Amino acid sequence: MFSRSYLKTSLLALALSGVFSVSAAAQPVKDAPIGKFAADQIRHIATYFPGRMAGSPAELLTADYLKQQFSKMGYQSDIRSFNTRYLYSSKDGKKNWNNVTASSVIAARNGDRPKQIVIVAHFDTYTPQSDADLDNNLGGLTLQGVDDNASGIGVMLELAERLKNIPTAYGLRFVATSAEELGSQGALNYLQRMSVEEKQNTLLVINLDSLITGDRLYFNAGRNTPPQMAKQSRDRALDIAHRYGIAAAVNPGSKRHPKGTGCCSDQEVFDTAGIPVLSVEATNWSLGDKDGYQQRAVSPHFPQGVTWHRPQYDNLQYLERYLPGRIDKRSRESVQILLPLIKELAQAHPPKAPKKK
């Protein structure tokens, strides 16, 4: 898919930009306002790693950057490469398979017990899969992917940073997947490498995807998530949101997606396997086909009601101009809800009282 000259040029340019930029997004979060670290990471990833298509130089450099971030936090971190492919459709009716080697990033910390909570977010941007995609300016090298899905990665990184020194009964695992835009291949690869015991010990998979553009935050369970876990995760998230005055909801229900369940991202891979899931997204399930794909009302600035896969809209300059303050607001809200939720689910130990002198 990528020529040798393009690979060399892109790797050099991106590597140089990374050298001068890594420290800018790595400020300590201890005394920072909640959500700031996430927002900084979102802007950093969108600015320095556009065009994060599975198998591209930008994707590989992003994976390396994320590994470094997790390692600095003290997590066991690794890049996991895997081979996948996608079908490309030409105008002349021909269809050809394109092979790519994609790279996901996994960071982990054990708890006191074998059970674990997995937090997932994909970092790849949309890969054009047809001549029609190219004609419609979908995906490609200029797509910053702020909403889809630097937003989920930024929130994941702040959660990891804020949880790094908190002892928990259950283990925490952060999985930054690639090839989500090619049919959740990164999530599928991760699932296939899980042992039977690890699947059984996974209390919940929380998937973070597209948190900026949509009208409100949604928290949905999986079709196969047991009611008790849906109550402890989805319903509890809504309780926390309402406590903070944050607008949050669940899918109101449709023929394809029962009330309170989600779709169309990495969590479906785990849901199909019978692992409990919680999906977190920003969209509007009451618009359009009511399937969660239309993120907001159609307007002059958002003529399709979406920014997904569109370089002209899903970039920092456009979103900061037409949704001012949204990146900071959603970063703050997402962490405000998810941090206490994960602490509860992972059974965080209360801080020890200081010893008397």
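Visitor: What covers the buried residues of helix 6?

Guide: Keep in mind that this is a predicted model. In helix 6, residues 185–193, the buried ones are Gly186, Ala187, Asn189, Tyr190 and Leu191. Their cover includes strand 1 (76–89), strand 2 (95–109), strand 3 (116–122) and strand 4 (171–177), along with helix 7 (196–200) and helix 9 (267–272).

Visitor: Which residues of helix 11 does helix 8 meet?

Guide: Let's start with the axes: those of helix 8 (residues 227–243) and helix 11 (residues 326–345) come within 9 Å and cross at roughly 145°. That crossing is right-handed. From helix 8, the residues taking part are Met229, Gln232, Ser233, Arg236, Ala237, Ile240 and Ala241, and what they meet in helix 11 is Gln336, Ile337, Pro340, Leu341, Glu344 and Leu345.

Visitor: How many residues of that contact between helix 8 and helix 11 are nonpolar?

Guide: The contact has a mix of residue kinds, with three polar and two charged. The nonpolar ones number eight.

Visitor: Which cysteines form the disulfide, and is the link left-handed or right-handed?

Guide: The structure holds one disulfide. Cys263 and Cys264 form that bond, with their sulfur atoms 2.0 Å apart. The angle about the S-S bond is -80°, and the link is left-handed.

Visitor: Is Cys263 buried or exposed?

Guide: Buried is the word for a relative accessible area under 20%. Cys264, the partner, has 28%, so Cys264 is partly exposed. Cys263 has a relative accessibility of 6%, so Cys263 is buried.

Visitor: Where in the chain do Asp135 and Lys91 sit, and how many residues apart are they?

Guide: Their side chains meet in a salt bridge, at 3.0 Å from N to O. Asp135 belongs to helix 4 (residues 131–135), while Lys91 is in the loop between strand 1 and strand 2, so the pair links distant parts of the chain, 44 residues apart.

Visitor: And in the salt bridge of Asp215 with Arg296, which residue counts as buried?

Guide: These two side chains meet at 3.6 Å, N to O. Asp215 has a relative accessible area of 30%, so Asp215 is partly exposed. The partner's relative accessibility is 14%, and therefore the buried residue is Arg296.

Visitor: Which residues are linked in a network of salt bridges?

Guide: The count of salt bridges comes to 12. One of them is a pairing of Arg234 with Asp235, at 2.9 Å from N to O. The residues linked in a network are Arg43, Glu320 and Asp328.

Methods
Residues are numbered from 1 along each chain as its sequence is written. This is a predicted model: local features need pLDDT of at least 70, side-chain atom pairs count only at pLDDT 80 or more; totals for chains, interfaces and linings use all residues. Side-chain values use heavy atoms; hydrogens and water are left out. Buried means under 20% relative accessible area, exposed over 50%, partly exposed in between (1.4 Å probe, protein chains only). Helices (H or I, at least four residues) and strands (E, at least two) are DSSP runs, numbered from the N terminus. Contact means heavy atoms within 4.5 Å. A disulfide is a pair of cysteine sulfur atoms within 2.5 Å. Axes are lines fitted to C-alpha atoms, for helices over the stretch in contact, and angles run from 0 to 180 degrees between N-to-C directions. A crossing is left-handed if the near helix is turned anticlockwise from the far one by less than a right angle, and right-handed if clockwise. Ala, Val, Leu, Ile, Met, Phe, Trp, Tyr, Cys and Pro count as nonpolar, Asp, Glu, Lys and Arg as charged, and the others, Gly among them, as polar. A salt bridge is a side-chain nitrogen of Lys or Arg within 4 Å of a carboxyl oxygen of Asp or Glu.
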